[in-house]
Amino acid sequence: MTVFDWPVWALIVFAYVILQRLAELAYASANTRRLLAEGGREHGAKHYPLFIVLHSGWLIAILLFAKPEPAPNLLLLNAFIASQTFRFWTLASIGRWWTTRIISAPHFPRVRRGPYRFIKHPNYALVVVEIAVLPLLLGAPAMAFTFSILNAALLWWRIRIENDVLTERVGTT
């Protein structure tokens with residue numbers, strides 16, 4: 001099955017994810033430039049290209065190997081929609097501090113509003129869900145398993161770096 005054989009609902013979901021990721025990259029890039037100009041420093045830059053490879057590979061693998069059913073699994077579709085609601089809440093809560101890189105400085109505040117009141121790294125929790133749910137929804141369970149394992153390894157590395165960096169911040173927002 002090629003993407004041209006996918007049902008319309010699956011094409012819409014996948015196109016949404018692609019557009020959403022591109023918009024996020026533009027937003028993150030603007031925030032990164034601004035935070036660096038405000039005295040921030042990048043931490044953990046060595047692992048960043050691996051995230052690009054992981055997320056690009058995840059989308060390409062879904063595109064190549066997914067076999068969506070004619071009608072979506074409503075439980076998985078609702079989980080996906082809920083994850084996107086959580087995504088918007090997370091991004092709205094962290095706002096100008098959100099980037100795809102680790103940019104920090106001691107004078108930057110720690111965000112403790114929205115989901116950050118309850119979860120230390122809500123965006124990473126969201127990505128864990130997305131990495132599994134999207135391929136399951138689109139009929140690619142092997143991609144859900146494979147990329148969940150790879151993502152877990154990278155997140156383990158990144159969260160250790162980010163936790164160390166966040167201890168230097170003194171204020172909160």
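Here are legends for five views of a predicted model.

**View 1. The whole chain, a mostly helical layout by count, with 5 helices and 2 strands.** Follow the sequence from its start and the elements come in the order α-β-α-α-β-α-α. The C-alpha trace spans about 50 × 30 × 25 Å along its principal axes. For 173 residues, a compact globule would have a radius of gyration near 16 Å, and the chain's 17 Å agrees with that. Buried residues account for 45% of the 173. As for the contacts, take those between residues at least 6 apart in sequence: 87% of them join residues at least 24 apart. The accessible surface adds up to about 9,100 Å², and carbon and sulfur atoms own 71% of that area.

**View 2. Helix α2 and its buried face.** This helix runs over residues 48–65, which makes 18 residues. From first C-alpha to last, α2 reaches 26 Å, close to the 26 Å expected at 1.5 Å a residue. Its buried residues are Y48, F51, L54, H55, W58, L59, A61 and I62. Looking down the axis of α2, these buried residues fall within an arc of 165°, so they line one face of the helix. What sits on top of them? The cover over the buried residues of α2 includes α1 (8–37), α4 (122–137) and α5 (141–166). Turn to the face away from the buried side and you'll find the exposed residues V53, L64 and F65.

**View 3. A10, a buried residue in helix α1.** The relative accessible area of A10 is 0%, so with the cut-off for buried at under 20%, A10 counts as buried. Which residues does A10 touch, once neighbours within four places in sequence are left aside? The contacts of A10 are then with P68 and L138. For a sense of scale, A28 is 18 residues away from A10 along the chain, and the two C-alpha atoms are separated by 27 Å.

**View 4. F86 and W89, one of the 5 aromatic pairs in the structure.** The ring centres of F86 and W89 are 5.9 Å apart and the planes meet at 75°, so this pair is edge-to-face. Both residues belong to helix α3 (residues 74–94), and they sit 3 residues apart, about one turn of the helix. Are these two residues buried, exposed or partly exposed? F86 has 22% relative accessibility and counts as partly exposed. W89 is also partly exposed, with a relative accessible area of 37%.

**View 5. W97 and F108, an aromatic pair that ties two loops together.** Here the ring centres of W97 and F108 lie 5.0 Å apart with the planes at 50°, so the pair is tilted. W97 comes from the loop between α3 and β2 (102–104), while F108 comes from the loop between β2 and α4, so the pair links parts that are 11 residues apart in sequence. W97 and F108 are both buried.

Conventions. Residues are numbered from 1 along each chain as its sequence is written. This is a predicted model: local features need pLDDT of at least 70, side-chain atom pairs count only at pLDDT 80 or more; totals for chains, interfaces and linings use all residues. Side-chain values use heavy atoms; hydrogens and water are left out. Helices (H or I, at least four residues) and strands (E, at least two) are DSSP runs, numbered from the N terminus. The expected span of a helix is 1.5 Å times one less than its number of residues. Buried means under 20% relative accessible area, exposed over 50%, partly exposed in between (1.4 Å probe, protein chains only). The arc is that of the directions from the helix axis to the C-beta atoms. Contact means heavy atoms within 4.5 Å. The radius of gyration is taken over C-alpha atoms; the globule rule is 2.2 Å times the number of residues to the power 0.38. Accessible areas come from the Shrake-Rupley method with a 1.4 Å probe; for residues, only the protein chains shown count as cover. Rings of Phe, Tyr and Trp (its six-membered ring) pair if their centres lie within 6.5 Å; planes under 30 degrees apart count as stacked, over 60 as edge-to-face and the rest as tilted.
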